[in-house]
Amino acid sequence: MTAGFDTDLLVVGGGPGGLGAALHARRQGLSVIIADPRASPIDKACGEGLMPGGLAALLALGVDPAGIPLRGIAYCDGPRRVDAAFRDGPGRGVRRTTLHAALTDQAKHHDVDWTATRADRVEQDTHGVTAAGIRARWLIAADGLHSTVRRAVGIGCAAGTPRRYGLRRHYRLPAWSESVEVHWSPWGEAYVTPVEPDLVGVAILSTRRPQLDWFPQLQARLGAVPCGPARGCGPLRQVVERRVAGRVLLVGDAAGYEDALTGEGISLAVKQAEAAIGAIVDDAPASYERAWRTVTRRYRLLTRGLVLAGAWGPTRRAVVPAACALPAVFDRAVHLLAH
């Protein structure tokens, strides 16, 4: 660490993206402080399904959270159902608090420091950045969809269309499927993930106020009162004009977001974190913009296509029948998303 600095890297936001950035930074020999006023483990609205590629990225960091193996993805619409298995090994259903605790433990093991301070203001010059009372050579903002740092450094952001929102609840019953189930209705999708042997997470995505009774077969199968509080978020689509401002780099939801429909949020956050640290180590922050586009390209194209298809009634009604009629195409799409 250079004299005159408190740390090499200040990470604002202690969620998976921020913790992933901290772990990648420590592997490169950088000192790290995370600024987040929230106590661990942090919960939030999340589908809680790790795709195989995201699980592999976490395992490479030494993070192996407990959960339920996921063998594939299923699209369901009433009596119709189509399944596609992951080709390169299973993913994992992991409760968000379990994942966060595992990431936090690994970060502490690697001597990452914390400050329970909110970063409301950011000041920077050609040599470093100051925020949350800390002077650092670099700052990574991983503070979510409505990033305070993003706004503080003047990076523009607008909520995209259609404006969709998410709501997640847990239900105490044994898992009935080894797949992530995506149930489709005229008004939204329900994303069902087993996260513990006797606990299932249900996240509903919609432009309306999410309702479980849109999915009568799923509601009947759950047949139980939800346990724990509901967690909501949105609007999901955030169109961010850029990811770099001087010595500040955006990672995870703060860097821009399409939708939770394909379940890639954690995978993308960890991969973006690795790319951001690579740009910092090379002293080439501008290169992160190109790297971010490469890392997220497939997700942005496939997710945007699905969301737009679902925004119009006739195409929305055709999504599951088309997947049933063209299982090879559905299988290929799942394979692409699983990486």
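**Exercise 1. The largest cavity**

Which residues line the largest cavity?

*Solution.* Remember that this is a predicted model.
Step 1. Start with the count: the structure holds two cavities of 30 Å³ or more.
Step 2. Take the largest cavity, which has about 50 Å³ of space.
Step 3. Read off its lining: A175, W176, S177, S179, E181, V192, P194 and V200.
Step 4. Assign the lining to elements. β14 (179-184) and β15 are the ones that give two or more residues to it.

**Exercise 2. The second largest pocket**

Find the residues that lie nearest the centre of the second largest pocket, and the elements that supply its lining.

*Solution.*
Step 1. The space in this pocket comes to about 400 Å³.
Step 2. Its lining has 21 residues. Nearest the centre lie Y75, L306, V319, F330 and A333.
Step 3. At least two lining residues come from each of β5 (72-77), β14, α7 (287-311), α8 (313-325) and α9 (327-338).
Step 4. Compare with Exercise 1. β14 gives residues to the lining of the largest cavity, and β14 also supplies residues here.

**Exercise 3. The two sides of helix α3**

Work out which residues of α3 are buried and which exposed residues its other face carries.

*Solution.*
Step 1. Place the helix. α3 covers residues 96-109, 14 residues in total.
Step 2. Check its span. From first C-alpha to last, α3 reaches 20 Å, close to the 20 Å expected at 1.5 Å a residue.
Step 3. List the buried residues: R96, L99, H100, L103, T104, Q106 and A107. They lie on the same side of α3, because they cover an arc of only 165° around the axis.
Step 4. Turn to the face pointing away from that buried side. There sit the exposed residues D105, K108 and H109.
Step 5. Ask what the buried residues pack against. The partners are α1 (16-27), β3 (49-50), α2 (52-60), β8 (113-115), β13 (165-171) and α6 (265-281).
Step 6. Look just past the helix. D111 takes a positive phi of about 65° there.

**Exercise 4. Strand β16 and its partners**

How many residues of strand β16 are buried, and which strands are joined to it?

*Solution.*
Step 1. Strand β16 spans residues 199-206. Eight of the eight are buried, so β16 is largely enclosed by the rest of the structure.
Step 2. Recall a general rule. Side chains in a regular strand alternate between the two faces of the sheet.
Step 3. Sort the residues of β16. L199, G201, A203 and L205 point one way. V200, V202, I204 and S206 point the other way.
Step 4. Take the partner β13. Seven bridges join β13 to β16, and the two run antiparallel. R169 has V202 as its bridge partner.
Step 5. Take the partner β15 (residues 188-196). Eight bridges join β15 to β16, again antiparallel. G188 stands opposite S206.
Step 6. Look at the connection. β15 and β16 form a hairpin, with two residues between them.

**Exercise 5. A three-strand sheet and a parallel pair**

Give the strand order of the open sheet that holds β3, then describe how β1 and β2 run.

*Solution.*
Step 1. The order is β3-β7-β4, with antiparallel pairing.
Step 2. The edges are β3 and β4 (68-70), as each pairs on one side only.
Step 3. Two bridges join β3 to β7 (residues 91-93). One bridge partner of G49 in β7 is G93.
Step 4. Now the other pair. Four bridges join β1 (residues 7-12) to β2, and these run parallel. In β2, V11 has I34 as its bridge partner.
Step 5. Check the faces of β2 (residues 32-35). V32 and I34 are on one side, I33 and A35 on the other, and all are buried.

**Exercise 6. Backbone oddities in loops**

Locate two cis peptide bonds. Then decide whether A132 and D283 are buried or exposed.

*Solution.*
Step 1. S40 and P41 are joined by a cis bond, with omega about 0°. P41 is in the loop between β2 and β3.
Step 2. The bond from T161 to P162 is cis too, with omega near -10°. P162 is in the loop between β12 (157-159) and β13.
Step 3. A132 has a positive phi of about 55°, although it is not a glycine. A132 lies in the loop between β10 (129-131) and β11 (134-141). Its relative accessibility is 16%, so A132 counts as buried.
Step 4. D283 also has a positive phi of about 55° without being a glycine. D283 lies in the loop between α6 and α7. With a relative accessible area of 53%, D283 is exposed.

Terms used. Residues numbered from 1 in each chain as written. Predicted model: local features only at pLDDT ≥ 70, side-chain atom pairs only at ≥ 80, totals over all residues. Heavy atoms only, no water. Expected span 1.5 Å × (residues − 1). Buried < 20%, exposed > 50% of the residue type's maximum accessible area, 1.4 Å probe, protein only. Arc of directions from axis to C-beta. Contact = heavy atoms within 4.5 Å. Pairing = 2+ DSSP bridges. 1 Å grid on protein atoms, 1.4 Å probe; cavity = no way out; pocket = protein on both sides within 12 Å on 5 of 7 lines; lining within 4 Å. Points joined across faces, edges and corners; volume = space filled by probe spheres on them.
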